[in-house]
Amino acid sequence: MSSDSMRPFVDKIMPEAWQAAEEFTSVIRAAVLRRGLSAQESELIKLRTSQLNGCVFCMDLHSREARKAGIPQQKLDLLPAWRETAVFDDRDKAVLAVAEAATSLPTTEESEADLFGARAVLGEETFVAAEWVAITINALNRVSILSRHPVRPRDAEGKVIR
């Protein structure tokens, strides 16, 4: 038996913690919108962070949520190479820099420079909002990975294929 199969499902064994995480996420979602971070920008952060963490459940979920929020498929396709394309505007690049810096710790001189630039583009409140989204999705990625949340095959509308 692999050690992975011996790991308990953290969200099932302690459901009150998962409920608290969901409530925390709701508070963050509302707070960041009030501070100028759009739903599209939030989804870019969530998707890029999930890619970096290798959380397939969250990549699947936030790809769908990003499309619902109106992010063009081309941006989603090019997201891992966002630095190499002109498809992303300055705000997109700013929130993606925040996502990467919050996920790949410790920060480097390069990521510190990216964060300085991101703060200049976003302003203090929106910059902090972006950081909170990155902090939150990093935590949720770990819960999802540890709980081995499954990815089910879906159709183009996101409905589970049986």
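## Exercises on pockets, rings and cysteines

Thirteen is not a count to guess at: the lining of the largest pocket divides into 13 nonpolar, 7 polar and 6 charged residues. The model is predicted. Work through the exercises with the structure in view.

**Exercise 1. Describe the largest pocket: its volume, the residues closest to its centre, and the elements that line it.**

Step 1. Start with the space. The largest pocket holds about 570 Å³.

Step 2. Find the centre. The pocket is lined by 26 residues, and those closest to its centre are Thr25, Arg29, Lys46, His62 and Leu140.

Step 3. Assign the elements. Two or more lining residues come from each of H2, helix H3 (39-53), helix H4 (56-68) and H8.

Step 4. Which element gives the largest share of this lining? H2 does, with 9 residues.

**Exercise 2. Describe the second largest pocket in the same way.**

Step 1. The volume of the second largest pocket is about 160 Å³.

Step 2. List the lining. The residues are Leu52, Arg83, Ala97, Glu100, Ala101, Ser104, Pro106, Thr108, Glu110, Ser111 and Asp114.

Step 3. Assign the elements. Helix H6 (90-103) and helix H7 (109-122) are the elements that give two or more residues to this lining.

Step 4. Sort by class. The lining of the second largest pocket has 4 nonpolar, 3 polar and 4 charged residues.

Step 5. Pick out Pro106, one of the lining residues. Proline 106 sits in the loop between H6 and H7. The peptide bond that leads from leucine 105 to proline 106 is cis, and its omega is near -5°.

**Exercise 3. Classify the aromatic pair, then place both rings in the chain.**

Step 1. Count. There is 1 aromatic pair.

Step 2. Take the geometry. The ring centres of phenylalanine 24 and tryptophan 132 are 6.1 Å apart, and the planes meet at 65°. Centres within 6.5 Å make a pair, and planes over 60 degrees apart count as edge-to-face. So this pair is edge-to-face.

Step 3. Place the rings. Phenylalanine 24 is in helix H2 (residues 15-34), and tryptophan 132 is in helix H8 (residues 124-146). The two are 108 residues apart, so the pair links distant parts of the chain.

Step 4. Are the rings buried or exposed? Neither label fits. Phenylalanine 24 has a relative accessibility of 37% and counts as partly exposed. Tryptophan 132 is also partly exposed, at 38%.

**Exercise 4. Decide how many disulfides the model has.**

Step 1. Take the sulfur of cysteine 55. The closest cysteine sulfur belongs to cysteine 58 and is 3.4 Å away.

Step 2. Apply the cut-off. A disulfide needs sulfur atoms within 2.5 Å. The distance of 3.4 Å is therefore too far for a bond.

Step 3. Look from the other side. For cysteine 58 the nearest cysteine sulfur is that of cysteine 55, and cysteine 58 is in no disulfide.

Step 4. Give the count. It is 0 disulfides.

Step 5. Add the surroundings. Cysteine 55 is buried, with a relative accessible area of 1%. Cysteine 58 is buried too, at 5%.

**Exercise 5. Describe arginine 148: its place, its backbone, its exposure and the ring beneath it.**

Step 1. Arginine 148 is in the segment after H8.

Step 2. Check phi. The value is near 50°, which is positive in a residue other than glycine.

Step 3. Check exposure. The relative accessible area of arginine 148 is 26%. Partly exposed lies between 20% and 50%, so arginine 148 is partly exposed.

Step 4. Find the ring. Arginine 148 lies over the face of phenylalanine 9, 4.2 Å from the ring centre.

**Exercise 6. For alanine 66, leucine 122 and isoleucine 137, give the helix, the accessibility and one C-alpha distance.**

Step 1. Alanine 66 lies in helix H4. With a relative accessible area of 0%, alanine 66 is buried. Glutamate 43 is 23 residues apart from alanine 66 in sequence, and the C-alpha atoms are 5.3 Å apart.

Step 2. Leucine 122 is in helix H7. Leucine 122 is buried, at 7%. Between leucine 122 and glycine 36, 86 residues apart along the chain, the C-alpha separation is 8.6 Å.

Step 3. Isoleucine 137 is found in helix H8. Isoleucine 137 counts as buried, at 4%. Valine 95 and isoleucine 137 are 42 residues apart along the chain, and their C-alpha atoms are separated by 13 Å.

Definitions and conventions
Residues numbered from 1 in each chain as written. Predicted model: local features only at pLDDT ≥ 70, side-chain atom pairs only at ≥ 80, totals over all residues. Heavy atoms only, no water. Phe/Tyr/Trp six-rings, centres within 6.5 Å; stacked < 30°, edge-to-face > 60°. Helix = DSSP H or I, 4+ residues; strand = E, 2+ residues; numbered from the N terminus. Buried < 20%, exposed > 50% of the residue type's maximum accessible area, 1.4 Å probe, protein only. Lys NZ or Arg CZ within 6 Å of the ring centre and 35° of its normal. 1 Å grid on protein atoms, 1.4 Å probe; cavity = no way out; pocket = protein on both sides within 12 Å on 5 of 7 lines; lining within 4 Å. Points joined across faces, edges and corners; volume = space filled by probe spheres on them. Nonpolar A, V, L, I, M, F, W, Y, C, P; charged D, E, K, R; others polar.
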